[in-house]
Amino acid sequence: MLPLLLGEDAQAVVERVRRSTVEVRTRRARESGSGIIWDAAGTIVTNAHVARMRDLRVTLADGRRLDAQVVAHDPSRDLAALKVDQQGLPAAEIGNSDALRPGEFVVAVGSPLGEVGAATAGVVRRRAVQGPHGRRWVEADVRLAPGNSGGPLADAMGRVVGVNTMIASGLALAVPSKAVTRFLSGARGPRLGVVVKPAVLVSGRGQAPALVITDVAPESAAARAGLAHGDAIVAAGGQPLGAGYDLMGLLDEWNVAEPFPVELVRAGRRLRQDVRLSSG
């Protein structure tokens, strides 16, 4: 339900967002999710877990149904890009997820439980919170339900600031719009230049998950920082690590202007290295 204090302003925002929101459905199954018309040329963004099948159809806000093809699919980011053969679509206005502040009004639009175009509102709790799988998310006090996945999270001006993905501890998590822009451009975040495998370190403090380096690429950021075969990474970017995708997720969204802190265990000693990353 929309906040009564916002009245007609809230309704106008919802209508603006609703025009660029679609239902995404497989043609042979009942499962459905949502999507966002990202540009007028027919690009639609949704979650990777919504676009698991390539036989998809989208329903626009005006009721038109169009066949869609999956043109990009990245489960690590839980993002997918679809393409429909239609020009002049009502594209969403894309906002800056980095500019969000706690307490800001946001609205989610989608097709929860098959109710096409349903809206729910709330406020931002935290921006770029560390969440499942080592990813950063926009966290909002917004009620989501099955079918909201892939739909827009928009600010008070109707600008899309995230792609709704899941519920965690009763709060909505959305992929930030900045990460979506990077995904669509085909760009990847910086890389350390290491191959790792999960491990468990046993010490007097107990057991702790780690990533053991099995290979270091020559001339890579890791090599320049002195990381070596056999080092066990226990934390990076200020976050404890337990699996390869955690490290990838942190790197994918790291600001390369800042040193990337890596905590590791080498020959029983705990060390910290600040790695200077480069783009791409």
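Q: What stands opposite I36?
A: It is V45 in strand β3 that faces I36, where a strand is a DSSP run of E of at least two residues and a helix is a DSSP run of H or I of at least four, both numbered from the N terminus. The model is a predicted one, in which local features need pLDDT of at least 70 and side-chain atom pairs count only at pLDDT 80 or more, while totals for chains, interfaces and linings use all residues. Residues are numbered from 1 along each chain as its sequence is written, and side-chain values use heavy atoms, with hydrogens and water left out.

Q: How do you know that strand β2 and strand β3 pair?
A: Two strands pair if DSSP finds at least two bridges between them, and strand β2 (residues 32-37) and strand β3 (residues 43-46) have two bridges, in the antiparallel sense; they therefore count as a pair.

Q: Which order do the six strands of the closed barrel follow?
A: The barrel runs β1-β2-β3-β6-β5-β4, with antiparallel pairing. Neighbouring strands of this sheet are turned by 40° against each other on average, direction ignored.

Q: What makes the E23 and R25 side chains a salt bridge?
A: The term asks for a side-chain nitrogen of Lys or Arg within 4 Å of a carboxyl oxygen of Asp or Glu, and for E23 and R25 the N to O distance is 2.8 Å, so the pair satisfies the cut-off. By this rule the count comes to eleven salt bridges.

Q: Why is E23 called buried or exposed?
A: Buried means under 20% relative accessible area, exposed means over 50%, and partly exposed lies in between (1.4 Å probe, protein chains only). E23 has 7% relative accessibility and is therefore buried, whereas R25, at 28%, counts as partly exposed.

Q: How do you know that R57 forms a salt bridge with D67?
A: The closest N and O atoms of R57 and D67 are 3.3 Å apart, and the pair therefore meets the salt-bridge rule. This pair links distant parts of the chain, R57 being in strand β4 (residues 56-59) and D67 in strand β5, ten residues apart. R57 is partly exposed because its relative accessibility is 32%, and D67 is partly exposed because its relative accessible area is 40%.

Q: Why is R272 called buried or exposed?
A: With a relative accessible area of 54%, R272 lies above the upper cut-off and is therefore exposed. Its salt-bridge partner D274, with closest N and O atoms 3.1 Å apart, counts as partly exposed because its relative accessibility is 41%.

Conventions
Axes fitted to C-alpha atoms, helices over the stretch in contact; angles between N-to-C directions.
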